[in-house]
Amino acid sequence: MEILDHTREAIDLTWLNSGNAPLLDNHIRHDGIARQVGVITRAWIDGKRLYVSAKFSSRPEAQALRQDVIDGIVRNVSVGYERLEIKRDDGTEDYHVTSWKPTEASFVPVPADTTVGMGRSATPKMEAHMPDNIQGAPKTGERKMPGVKTDAERAAEFETALTDIRSLASEHNIGNVGEAFIEAQIRAGNTPSIEVFRGIARSEIPEGTALRNEDIGLNDQETRKFSILNLCAAMRDGATSTDNERAAFELEACEAAAAQSGKATKGSFVLPAELMRSWDDFEIEGVRSSAVRAPVSAGGNPNIQDVTHLASRFIDNLRNRLVLGQLGITILDGLTGDIELPGGDQNAQAAWLGTEDADAAETVPTFRKVSLTVHDVAAYTDITRRMIQYSTIGIEMYVRNQLVTAMVEAIDLAGWYGSGLTGVPEGLANTTGIGSVTFAAAVPTRNELIDMDTAIANTNNTGTPHFVSTTAMGGALRKAPIDAGSGKFLMDASGLEIGNPFTRSNQITDGDVFAGTFEDMLMGAWGSLELDRSTEAKFLSGGLRLRGIQSVDFGVRRVGSFVLGNDTP
């Protein structure tokens, strides 16, 4: 606890009596002069109590506040101050402020001390922060009250938040959105959050536009020239001077991309943002990938077969192959830093007005914060020595395809069952608040499937839930009759008999059945693909084990949109 000494000798009233000390709205002093509603004209101490008189500004908002004070609506006040000398009582662990200087007075909605206010007198209290000259404080560590930020720290945090928000808003020409957000947060007494504003900005700018521009200045021709195989040749053990010379452009581009993204790590290579947007468009020895459509084979090697055509952007390749992507989850790509989005358990409800002047019935949906934070997923693919030696357009396409394939399995599994523990995203199965239905046996009955559908409908979700389970469960449902005589089964080629679509995925645990409207599930993706290599695998054969690292996270916007069913109580 912090205890202020209220003797005349302890309080320095020089500043309050200078005619310059401000009268503020809720201690907000880091937003220019807009929050100053007046000036303190006099301060004095009487019976160990501090009093001030003040003059209100003639601005309309200040005069409105003055009228509220006169009317007795605004009655609570607080004081901001600077601590000049503090002594610590080792017995009680109290901090005694033996010398301090008030710096401002504020009208506040809720004071730290409810006995302080207009027409009331008592020992004023404020949030406590330790100065550097505490007597009797511990000699090591930062000398301030634990868990409480100093005024300087709070001011720096506030200014950093404003700078970051305005910079992001300016970059995307949404300055009015940024200023409206800042003003709303300050009015609410909050420090504006860059994490929250990133979520707002993501919804304001076109899909595919990164929150932060990480381009390194490659033109279309240079982007097509970039060869993953050239980079692989330079990355492997025993790379020759010729390998490094041939990959000079790729190495330089990766170095620039690492510097631009701010995530350079020793021994790894960050692919340029331009390449990530043109994953399917490249050129090897004058042959452009757009001219290649048929499967390619290199020297009869069975590894170089069944090459499917790639999507334009790397993230679109992930979307197209992820089961979750095919189900329609919302993918937020091009993120930078952590992001917060509003979420809810139920939709708001409408109400009819009984009479012309009746108030609308207030609806109180349950809101929750959805946070997306950077989690790095790593997956690998093997590249043989001959693939590197005999670089062709087909092999380049194969390698790019394999990098996508390697990522898909790891990301999909995390989306379903990620633990949410250190370094791992929280998957749908481990998201608190989703619905559950317990099956009486390993294969659900028609009524149990209806119960899953109904559980989602009960949250006012009007979409048609999509069911997902294993191929084995799909087969069992197609064999399970709905009754003894109709000849109908729980599922046929068109989907479930109850009218819902069904998708098979062997990423799902045996016995589990998910149902949901998957647009309410979010996947965030940050930055470019980062490539690294194993220093041991494939060493003896002269090949390369290539590891790709991508930053992703998952979140659920409305937990009521999902149900997990199984026979586990």
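This report covers two loop residues and one helix pair in a predicted model.

## Asparagine 173

Asparagine 173 sits in a loop. Helix H2 (151-171) comes before that loop, and helix H3 (175-187) follows. The residue has a positive phi of about 60°. It is not a glycine, yet phi is positive.

Is asparagine 173 buried or exposed? Its relative accessibility is 70%. The cut-off for exposed is over 50%, so asparagine 173 counts as exposed.

## Aspartate 89

Aspartate 89 also has a loop position, between strand S5 (77-88) and strand S6 (95-107). Its relative accessible area is 31%. That value falls between the 20% and 50% cut-offs, so aspartate 89 is partly exposed.

Which residues does aspartate 89 touch, leaving out those up to four places away in sequence? The contacts are Asp94 and His96.

## Helices H3 and H4

Two packed helices are described by the angle between their axes and the distance between the axes. For H3 and helix H4 (residues 194-204), the axes come within 11 Å. They cross at roughly 150°. The crossing of H3 and H4 is right-handed.

H3 contributes Val177, Gly178 and Phe181 to the contact. H4 contributes Val196, Phe197, Ile200 and Glu204. By class, the contact of H3 with H4 has 5 nonpolar, 1 polar and 1 charged residues. Gly178 of H3 is in the contact and counts as polar, because Gly is placed in that class. Glu204 of H4 is also in the contact and counts as charged, because Glu belongs to that class.

How values were computed:
Residues numbered from 1 in each chain as written. Predicted model: local features only at pLDDT ≥ 70, side-chain atom pairs only at ≥ 80, totals over all residues. Heavy atoms only, no water. Helix = DSSP H or I, 4+ residues; strand = E, 2+ residues; numbered from the N terminus. Buried < 20%, exposed > 50% of the residue type's maximum accessible area, 1.4 Å probe, protein only. Contact = heavy atoms within 4.5 Å. Axes fitted to C-alpha atoms, helices over the stretch in contact; angles between N-to-C directions. Left-handed = near helix turned anticlockwise from the far one by under 90°.
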